[in-house]
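Dear colleague,

I am passing on the structure below, and after it you will find my notes on what turned up when I went through it. Please read them with the coordinates open beside you.

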Amino acid sequence: MRHLIFLLLAGFLAAQSEAQITGITKDPQGNVVKGATVTLLAAKDSGIVKLAISKEDGTFSFQAVKEGKYLVKASFVEYQPTFSSVFEAKEAALVIPDLK
C-alpha cells in the first residue's frame, strides 16, 4: 500500500492561549495531496477534536486549538492512513518532524 506523508507545522497565538496548527499533505514522492482528510485527535483517547480537508496546494489548518496533547491523522483514497507523533499544543512554537 502506498503511504501518505504529511508535514505538520504548528504556530501559536500566545495572546489567546489557543494554537493554530498548520501543515502540508504529501505523497511518498513529495507531491502535494489535495483533498486529503486531516483529523486532529486527542492523544489521551484518540477522540476527534477537529477535521480539515487539504487545499489545492496540500495545506491544511486547525484554528483555535486549546492547550493539550494531540496527534494528527491524514488519509486519502489509495493511501494508507498516516499518523503524526504526539505533540503538545501550548504557548510556544512547535515544529513536528516529517512523517514517512
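I begin with one residue and its surroundings: once neighbours within four places in sequence are set aside, Ala 64 is in contact with Glu 18, Ala 19 and Lys 50. Please keep in mind throughout that this is a predicted model. Ala 64 belongs to strand 6, which covers residues 59-66, and it counts as partly exposed because its relative accessible area is 34%, which lies between the limits of 20% and 50%. One of its contacts bridges a long stretch of sequence, since Ala 64 and Glu 18 are 46 residues apart along the chain while their C-alpha atoms are 5.0 Å apart in space.

The chain as a whole

The secondary structure comprises zero helices and 11 strands, so that the order of elements from the N terminus reads β-β-β-β-β-β-β-β-β-β-β. The chain has 100 residues, of which 37% count as buried, and it exposes about 5,800 Å², with carbon and sulfur atoms supplying 54% of that area. If one takes the contacts between residues at least 6 apart in sequence, 50% of them join residues that are at least 24 apart.

Strand 4 and its partners

Strand 4 is largely enclosed by the rest of the structure, because five of its six residues are buried. Strand 4 runs antiparallel to strand 5, to which five bridges join it, and in this pairing Leu 40 stands opposite Lys 50 of strand 5; Lys 50 is also one of the residues in contact with Ala 64. Strand 4 is likewise antiparallel to strand 7, here with six bridges, and the bridge partner of Val 38 in strand 7 is Ala 74.

Two residues with positive phi

Most residues other than glycine have a negative phi, and most peptide bonds are trans. Against that background, two places may deserve your attention. Ser 46, although not a glycine, has a positive phi of about 60 degrees, and it is found in the loop between strand 4 (37-42) and strand 5 (48-53). That loop belongs to the hairpin of strand 4 and strand 5, which has five residues between the strands. Ser 46 is partly exposed, its relative accessible area being 45%.

Glu 78 is likewise not a glycine and has a positive phi, in this case of about 75 degrees, and its place is the loop between strand 7 (68-75) and strand 8 (79-80). At a relative accessibility of 59%, Glu 78 counts as exposed, because this value is over the 50% limit.

Side-chain pairs

A pair of aromatic rings is described by the distance of the centres and the angle of the planes. The structure holds three aromatic pairs, and one of them is formed by Phe 76 and Tyr 79, whose rings are tilted, with 6.0 Å from centre to centre and 45 degrees between the planes. As for how far the two residues are covered, Phe 76 counts as partly exposed at 31% relative accessibility, whereas Tyr 79 counts as buried at 13%.

How many salt bridges does a search of the whole structure find? The search finds one, and it is formed by Glu 56 with Lys 34, whose closest N and O atoms are 3.4 Å apart. This pair links distant parts of the chain, with Glu 56 in the loop between strand 5 and strand 6 and Lys 34 in the loop between strand 3 and strand 4, 22 residues apart. Glu 56 is exposed, with a relative accessible area of 63%, while Lys 34 counts as partly exposed at 47%.

The last item concerns Thr 25, which has its place in strand 3, residues 18-26. Is Thr 25 buried or exposed? Thr 25 counts as buried, because its relative accessibility is 0% and thus under the 20% limit. The side chain of Thr 25 makes a polar contact of 3.4 Å with the side chain of Ser 54.

With best regards

Note on methods: Residues are numbered from 1 along each chain as its sequence is written. This is a predicted model: local features need pLDDT of at least 70, side-chain atom pairs count only at pLDDT 80 or more; totals for chains, interfaces and linings use all residues. Side-chain values use heavy atoms; hydrogens and water are left out. Helices (H or I, at least four residues) and strands (E, at least two) are DSSP runs, numbered from the N terminus. Buried means under 20% relative accessible area, exposed over 50%, partly exposed in between (1.4 Å probe, protein chains only). A polar contact is a pair of N or O atoms within 3.5 Å; within protein, one must be able to donate a hydrogen and the other to accept it, and residues adjacent in sequence count only if both atoms are side-chain atoms. Contact means heavy atoms within 4.5 Å. Accessible areas come from the Shrake-Rupley method with a 1.4 Å probe; for residues, only the protein chains shown count as cover. Rings of Phe, Tyr and Trp (its six-membered ring) pair if their centres lie within 6.5 Å; planes under 30 degrees apart count as stacked, over 60 as edge-to-face and the rest as tilted. Two strands pair if DSSP finds at least two bridges between them. A salt bridge is a side-chain nitrogen of Lys or Arg within 4 Å of a carboxyl oxygen of Asp or Glu.
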